[in-house]
Amino acid sequence: MKIFNTLTMTKQEFVPIEPGKVRMYVCGPTVYNLIHIGNARPMIVFDTFRRYLEHKGYEVNYVSNFTDVDDKIIRAAAAEGVTAEEIAARYIAECKKDMAAMNVKPATTHPQATKEIDGMVAMISGLIESGHAYVRNGTVYFATRSFAEYGELSHKNLDDLRSGFRELKVSGEEEKEDPLDFVLWKPKKEGEPFWNSPWSEGRPGWHIECSVMAKRYLGDTIDIHAGGEDLIFPHHENEIAQSTCANGVPFAHYWMHNAFLNIDNRKMSKSLGNFFTVRDISKKYDLQVLRLFMLSAHYRSPLNFSAELMEAAKTSLERIRTAADHLRDVAENGADGPLDDAARKILEEARAFVPAFDGKMDDDCNTADALAVVFDLVRFANINVTDSAPKKLARGLLDVLTGLGDILGLIVLPKKETLDEDIEKQIEARQEARKARNFALADEIRDRLKAQGIELLDTREGVKWRRI
């Protein structure tokens, strides 16, 4: 299996630190509001990669944090007249609801920054003692000059970076020894939450939080660190610097970054009126549609969100589910008995789709091509499994299809729903009308049900329905 490593800008064979185990850290959201669809892309992409690693037999320790102290959280709390802690708790709960709706598995650990302050104070103290950080009026800065490899992840030249920062004139900038030095700890402002430290009553800088949480839950060196490409610089660059200096060993062996999500070919922005939360999308679509849409492009490729592409994803999901539903029906109502040679050959060919799928995923988590394999399997099933096919054949193909769907986090066979009594009665009335050859009434009832979101399908096994 190969991963494109941002650190080396090449695809590299994945070799874990410990055979059979993977330590993976993914930067999570800052919880000051409902998550938006830009947040959803790394959640879905790296959840899928985790699922694939587990499919390959790895034991994955998957850590994804919640940043629960931040200027945006503090501003949201002030606007509502509540505490920052209340805002964070509310939106962590809402984020978990959205993640569950997108079928994103809970992390092994979801650490919260505010519960890891002691570890941050300890790491910062160590950096000061080793000469990698310094204190100015209660603020602690990391000294970038002390880390010769600074810029290796973002592939930026240190002198060029410093040149670009020379004209900065912001509060506290004159205290820095170097324009690229960044904050590890900052004193509180009036009304802000704070914690005690040797330097001031205050709170940690953003970058130190992830370094400490990764160290506590995964160790000094981790296998994979992932997140959106907007985090490469300065966040991940700063994480590498402070973690390497604090721990004395490399921080992460592989860095994975997903590309941006655009809306109708423009950057998502509240000012442009094209800002969508996951909750907004859920009012119009099953969030499995959003998940399939996110996986329809390679994670390192920019992805354009539009109504047309979401409709295409909806149609694609329906194709998969229709095939799965048919296989389930045949598995329940098809022919009994053992498989003949022809059926065994079909099942053997169906199982060959699994290594084909794995081959695509082994190539830097290529979900777009892996999805293409799933659609090839759907086509194969539709051709080779008729209504009268053997139950065992249908069950075998269904197991393959649901197995691949599960790796992608796609629920291809939703639980059978029950209908309201009124809908059931209308379906029965339509059946009676058809028996009486009153096709005008039957069509009228069909159209009425369609307007209510229920589509009827007349099959050899009888009438079936689906929500539309």
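Strand β9 (residues 222–228) and strand β10 run parallel to each other and pair over six bridges. That pairing is a good place to start a tour of this model, which is predicted. The protein chain has 468 residues, and 50% of them count as buried. Its secondary structure comes to 16 helices and 15 strands, and the C-alpha trace spans about 90 × 50 × 35 Å along its principal axes.

**Strands β9 and β10**

- Strand β10 covers residues 252–258, and six of its seven residues are buried, which leaves the strand mostly covered.
- To get from β9 to β10, the chain passes through helix α7 (residues 232–247), and this β-α-β crossover is right-handed.
- If you would like a spot to find on screen, look for I224, which stands opposite Y254 in β10.
- Both of these residues turn up again below: I224 in the largest nonpolar core, and Y254 in a cluster of rings.

**Other strand pairings**

- Close to the start of the numbering, strand β1 (residues 2–5) pairs with strand β2 (residues 10–13) in the antiparallel sense, over four bridges.
- Within this pairing, N5 stands opposite T10 in β2.
- The hairpin of β1 and β2 has four residues between the strands, and M9 there takes a positive phi near 60 degrees.
- Elsewhere, three strands make an open sheet in the order β12-β11-β13, with mixed pairing.
- β12 (266–267) and β13 each have a single partner strand and stand at the edges, so one side of each has no neighbour in the sheet.
- Strand β11 (residues 261–263) and β12 run antiparallel and are joined by two bridges; here I263 stands opposite R266 in β12.

**Aromatic rings**

- A search of the whole structure turns up eleven aromatic pairs.
- One of them is F46 with Y299, an edge-to-face pair with 6.1 Å from centre to centre and 65 degrees between the planes.
- F46 belongs to helix α1 (residues 37–55) and Y299 to the loop between α9 (287–295) and β13 (303–305), so their pairing ties together parts that are 253 residues apart in sequence.
- F46 is buried, with a relative accessible area of 0%, and Y299 is buried too, at 2%.
- F142 and F182 make a stacked pair, with 5.1 Å between the centres and 20 degrees between the planes.
- F142 sits in strand β6 (residues 139–142) and F182 in strand β7 (residues 182–187), so this pair ties together parts 40 residues apart in sequence.
- F142 is buried at 0% relative accessible area, while F182 counts as buried at 7%.
- F14, Y58 and Y254 are linked into a cluster by ring pairs.

**Charges over rings**

- The charged end of K188 sits over the ring of F194, 4.0 Å from the ring's centre.
- R300 lies over the face of F4, at 4.1 Å from the ring centre.

**Nonpolar cores**

- The largest nonpolar core has 95 residues, and the members that touch the most others are M24, I37, M102, I224, L290, F357 and L397.
- Setting aside neighbours within four places in sequence, L290 is in contact with I37, A40, I44, M102, F305 and M310.
- There is also a second, separate core of 39 residues, which includes I117, A133, F182 and C245.

**A look at F147**

- F147 is found in the loop between β6 and α5 (158–165), and at 5% relative accessibility it counts as buried.
- Which residues is F147 in contact with, leaving aside its neighbours within four places in sequence? They are F142, E152, I240, A241, T244 and C245.
- F147 and I240 are 93 residues apart in sequence, and their C-alpha atoms are 9.6 Å apart in space.

**Contacts along the whole chain**

- Taking contacts between residues at least 6 apart in sequence, 76% join residues at least 24 apart.

Terms used. Residues numbered from 1 in each chain as written. Predicted model: local features only at pLDDT ≥ 70, side-chain atom pairs only at ≥ 80, totals over all residues. Heavy atoms only, no water. Buried < 20%, exposed > 50% of the residue type's maximum accessible area, 1.4 Å probe, protein only. Pairing = 2+ DSSP bridges. Right-handed = clockwise from strand over helix to strand, strands pointing away. Phe/Tyr/Trp six-rings, centres within 6.5 Å; stacked < 30°, edge-to-face > 60°. Lys NZ or Arg CZ within 6 Å of the ring centre and 35° of its normal. Core = buried A, V, L, I, M, F, W, Y, C linked by side-chain atoms within 4.5 Å. Contact = heavy atoms within 4.5 Å.
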